[in-house]
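Please take a moment to look over the sequence and the model before reading on. The paragraphs below go through the chain piece by piece, so it may help to find each element as it is named.

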Amino acid sequence: MSRALELAARGLYTTDPNPRVGCVLVRDGEVVGEGWHERAGEPHAEVHALRAAGERARGATAYVTLEPCSHHGRTPPCADALVQAGVARVVAAMTDPNPQVAGQGLARLEAAGIAVASGLLAGEAEALNPGFVMRMRAGRPYVRAKLAMSLDGRTAMASGESKWITGDAARFDVQRLRARSSAILTGLGTVLADDPSMNVRLGEDEYAGALRQPLRVVLDPRLSTPPTARMLTLPGRTLVVTACDEEEPREALQAAGADVLLLPAREDVIDLPELLRELAALEINEILLETGATLSGAMLEAGLIDELVVYLAPHLMGDGARGLFHLPGLERMEQRVALEICDIRAVGADWRVTAVVKR
């Protein structure tokens, strides 16, 4: 199963919106076939492994990181393929959280006389697909906030100057976070201040040959994004989310290549939970939040940030500089936002701290 998880991770940048899945077929103590899901619409991991094994699949045990599907989607059911190949046993790391499957794949295998089991390295399998699991269970994407700060917790000088807090290695590492994300989310303030590209800038080898660019999402309550914004000239889609239904600015943005989504708002504040529901409906699994303190604070306060990836640079910017989150309601120690640090590692001259938000 550990090998199956290694194989599944090869699809980290390419399977979206599908989950990353790996499969290993073993017969008489020997691996006879391996495979992983590479791209949506193409064969699943089990099919690749069965093709590699051929007749040796008969009587084998299949170790798969996610319960084999039992429904017709872009491809036929993998459970049926395993039955037809004559495997003797299927071990799944986790059951599929997709309500269309949710135990039915294992039930179909069992009904065909195949021994089944699940739960082996389930935590590792879930960690490989946090967005898919969140979307299926909670109806919203998994939100990962990327932040860069000085050793004294500052993200920009008082003037707004912020390039560059971290070094080249950290900025390259961010490209990997973007590459695995379904969407990159920012606010209008960042667009007006930095005119960002919000795209993946990795070589073909580094990006596993994937050409997919994440959806760029801009929260723009008053529809003030300039039609000349750099991101609108780049490959990939840009979605401007607004509370403004004025025809002229909407048509100008659409003519420049943007999609515009009108959502309800209160006092020009976009309904953030509704935004995530809309993005889930677009099959967005993982969102990378790259924005300033105001939107980051609002997302955190609404309980919509699941993970923080903080790049810590070895310098000081002073107490007049800007902080990570705008959280004006925190006044007592008991109101602190609790985090669980999962990983700390050096990235060039900087440190990367990964933490999940404790609910």
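Just after helix α4, the residue G113 takes a positive phi of about 90°. The model in which this turn of the backbone appears is a predicted one, and helix α4 itself, which spans residues 104-111, is a convenient place to begin. Its buried residues are G105, L106 and L109, and because they cover an arc of only 95° around the axis, they come to lie on the same side of α4. The face turned away from this buried side carries E110 and A111, which are exposed. What, then, covers the buried residues of α4? The cover includes helix α3 together with the strands β4 (89-92) and β5.

One of those buried residues, L109, leads further into the interior. If its neighbours within four places in sequence are left aside, L109 is in contact with P68, A79, L82, V83, V90, I114 and V116. In the largest nonpolar core, which has 34 residues, L109 is among the members that touch the most others, along with L25, L50, L82, V87 and V90. Apart from this core lies another one, made of 31 residues, and L261, I270, L300 and L312 are among them.

The residue L50, named above as a member of the largest core, belongs to helix α2, which covers residues 45-53 and in which A45, E46, A49, L50 and A53 are buried. These five residues span an arc of only 125° around the axis, and therefore they sit on the same side of α2. Against which elements do the buried residues of α2 pack? They pack against the strands β1 (22-27), β2 (30-36) and β3 (61-64), and also against helix α3 (78-85). After α2 comes G54, whose phi is positive and near 60°.

The strands met by α2 are part of an open sheet of five strands, arranged in the order β2-β1-β3-β4-β5, with mixed pairing. The edges of the sheet are formed by β2 and β5 (115-118), each of which pairs on one side only. Neighbouring strands are turned against each other by 15° on average, when direction is ignored. Within this sheet, β1 and β3 run antiparallel and are joined by four bridges, and C23 has V64 in β3 as its bridge partner. Helix α2 packs on the sheet by touching β1, β2 and β3, and its direction makes about 140° with that of β2. It may help to recall that strands of a sheet pair through backbone hydrogen bonds, in either a parallel or an antiparallel way.

A second sheet can now be followed. It is open and has nine strands in the order β10-β9-β8-β7-β13-β6-β14-β16-β15, again with mixed pairing. Its edge strands are β10 (259-262) and β15, each pairing on one side only, and the twist from one strand to the next averages 25°. Strand β14, residues 307-313, pairs with β16 in the antiparallel sense over six bridges, and Y311 stands opposite R352 in β16. Helix α6, residues 130-138, packs on this sheet, where it touches β6 (142-150) and β13, and its direction makes about 130° with that of β6.

At one end of the strand order, β15 (residues 339-347) and β16 (residues 350-357) run antiparallel and are joined by eight bridges, with L339 standing opposite V357 in β16. These two strands form a hairpin with two residues between them, and in the turn G348 has a positive phi of about 65°.

A few unusual backbone places remain to be found. Most residues other than glycine have a negative phi, and most peptide bonds are trans. Where in the chain does L121, whose phi is positive and near 60° although the residue is not a glycine, occur? L121 is found in the loop between β5 and α5 (122-128), and it is partly exposed, with a relative accessible area of 27%. A similar description applies to E283, which is not a glycine either and has a positive phi of about 65°. E283 lies in the loop between α10 (272-281) and β13 (286-289) and is partly exposed, with a relative accessible area of 34%. Finally, the peptide bond that joins D16 and P17 is cis, with omega about 5°, and P17 has its place in the loop between α1 (2-8) and β1.

Notes:
Residues numbered from 1 in each chain as written. Predicted model: local features only at pLDDT ≥ 70, side-chain atom pairs only at ≥ 80, totals over all residues. Heavy atoms only, no water. Buried < 20%, exposed > 50% of the residue type's maximum accessible area, 1.4 Å probe, protein only. Arc of directions from axis to C-beta. Contact = heavy atoms within 4.5 Å. Core = buried A, V, L, I, M, F, W, Y, C linked by side-chain atoms within 4.5 Å. Pairing = 2+ DSSP bridges. Axes fitted to C-alpha atoms, helices over the stretch in contact; angles between N-to-C directions.
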